[in-house]
Amino acid sequence: MDFVTVEAADCSIGFQAYIAPFGQVSQEILNPASGLYQFAPDVTVLTAESNSLSKSPLEASTQLVTLSNAFKENGTGILIVCTFMANPAWPMHILHTEHDVQLTEANQLLREHFANDSRAQICDLDSIAAYYGYANAISPEMTAMAKIPFSEGFMALLAKKLVSHLKAKAGIIRKCLVLDCDNTLWGGIIGEDGMEGIVLGQDWPGREYVNFQKTILELYHQGVILAINSKNNVQDVMQVLREHPYMVLKEEHFAAIIVNWDAKPQNMEKLAEQVNIGLDSLVFVDDNPAERQLMRLMLPQVEVLDLPDNPALFEKTLRETAFFAKPTLTEEDKKRGRSYAEQRKRMELQKSCVSLDEYLKSLEMVCSIRPAEQKDIKRAAQLTQRTNQFNLTTRRYSEADITTMLGNQNWRIYVLGLKDKFGDNGTVGLALVETQAKFWRLDTFLMSCRVIGRQAEDAFVDRICRDAIEAGCVKVTAEYIPTAKNNLVADFWDKMGFRKLASDKIAAAYELLLKEYKQKTLKFLNWSN
């Protein structure tokens, strides 16, 4: 636990811990009156050796599933279930033992069982041990003396993994990877070496940079936004992005490309504004230690990755970070990198239009607003956990919370999607509405900043108000709860025609009398069911 405490403190996470008495894991979980449930943890870690549960690894995996079901029935918060360490009994033998085979099967069963569980997450202990090396992960001395199988070095690595789960629970996840170019994405200096002279190709040493780019592309496909912040001539950089035969990352992969000779912290502030995310969502990657140090001094909110001197280690260094670790991957996540790159094209279009009306009309937008379904639960929970700027109340909800609301007749959940000629933004709006006979309460109203100012927010409020009128309500109530990040929407309900009832430093209360409501005219939106 000491390793986890230190690692969490390094990420500005403080916590109180409850540790089950030795050998009492099953009893603690199965007994509804145990100390575990009295402690009421937000996050519970369940780890056990397979032979402590059963002689058969397959039966042990069934026991873990049974324990997890009991926890979900009796407890609160999320459960992190660790797989079994499947180190081979005879590593130099040709054949695996039956026990080895069963351990592998048991772990796969656990991964499959918890893959879509809203209350449980897998911490793949076996994969971490394999990465670290089974021989290094296990301590025969500690196993014999204290029945603690892990070495100190492995416990430190495991602590990092567990803290990545805590960071995900706390919403401390970075969103954007900002990259230098020279000696980072390729070897050499494009302004001096030219297209033919930079180091980038199928053979060493160019392969090192190609592999690094492939790793970055994996993050892109997991929903990480990519951007460039480089001191260079913009024409040189764009030529490489567009024409170099071995560039894995192309122009269309980047949500923002800022290339000039200004100080990089200054460019980083422009970049955050352009992409419309906070500085604390950015990770900066640069081979130059001086640039990294300057970024830390000038913008401490930005996470800075220390690249090693050897570019062959760039890929390994990035893979061992947890900046972007998240417990689920939605369809919107997979499309996010592309969506932000499409947003850059929208901004270029807006600059070419003489008026806002011309811009909105030229986008050819198609909006959909509908009741949420089972398939929307992951995305809805994710939006509550990760949306900060256009979020009126910033209430965080888990998948389990959203599932409960979806099955409760006193709640309505709306999701909003928006497409235009550049692409599909996916689900970018969420409203959680508590319904009563004569009035509705807007508990949560949030939207992605990518679609602000395009009439979507007006359409969203309009749909909710029209549904409330149809249901026989007389008023809709709403709140604005200020945070460090949502000042953008401080006057949103005023703009929507709501009347402010009360206001202090904690919250502002609003209402809209529906007899006074007039349906909005939204001439730039087309509609899709």
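**Figure 1. Leu79 of strand 2 stands opposite Ala120 of strand 3 in this predicted model.** Strand 2 and strand 3 (residues 120-123) run parallel and are joined by four bridges. Between them the chain passes through helix 6 (residues 98-113). This β-α-β crossover is right-handed. Leu79 also stands opposite Thr44. Strand 1 (residues 43-46) is parallel to strand 2, again with four bridges.

**Figure 2. Strand 2 (residues 78-82) is mostly covered.** Five of its five residues are buried. Ile78, Ile80 and Cys82 point one way. Leu79 and Val81 point the other way. In a regular strand, side chains alternate between the two faces of the sheet.

**Figure 3. An open sheet of eight strands has mixed pairing.** The strand order is 14-15-13-12-11-10-9-16. Strand 14 (499-503) and strand 16 (525-527) are the edges, and each pairs on one side only. From one strand to the next, the twist averages 30°.

**Figure 4. Strand 10 (residues 411-420) pairs with strand 11 (residues 423-435) in the antiparallel sense.** Nine bridges hold the pairing. Ile413 stands opposite Leu432 in strand 11. Two helices also come into view here. Helix 19 (residues 377-386) lies across strand 11 and strand 12 (439-447). Helix 19 runs at about 80° to strand 11. Helix 21 packs on the sheet and touches several strands, among them strand 9 (365-371), strand 13 (475-480) and strand 15 (508-513). The direction of helix 21 makes about 160° with that of strand 12.

**Figure 5. The largest nonpolar core has 46 residues.** Which residues touch the most other members? They are Leu442, Phe445, Phe460, Ile464, Phe492, Trp493 and Phe498. Helix 21 (residues 456-470) gives the largest share of this core, seven residues. Ile464 is in contact with Tyr414, Ala431, Val433, Trp440, Leu442 and Phe445, leaving aside neighbours within four places in sequence. A second, separate core holds 36 residues, including Leu200, Leu226, Val285 and Leu305. In soluble globular proteins, nonpolar side chains tend to be buried together.

**Figure 6. Confidence along the protein chain averages a pLDDT of 91.** Of the residues, 100% score at least 70. Where is confidence lowest, and where is it highest? Helix 17 (residues 331-352) is lowest, at a mean of 81. Strand 7 (residues 282-286) is highest, at 98.

Key. Residues numbered from 1 in each chain as written. Heavy atoms only, no water. Buried < 20%, exposed > 50% of the residue type's maximum accessible area, 1.4 Å probe, protein only. Pairing = 2+ DSSP bridges. Right-handed = clockwise from strand over helix to strand, strands pointing away. pLDDT = per-residue confidence, 0-100. Core = buried A, V, L, I, M, F, W, Y, C linked by side-chain atoms within 4.5 Å. Contact = heavy atoms within 4.5 Å. Axes fitted to C-alpha atoms, helices over the stretch in contact; angles between N-to-C directions.
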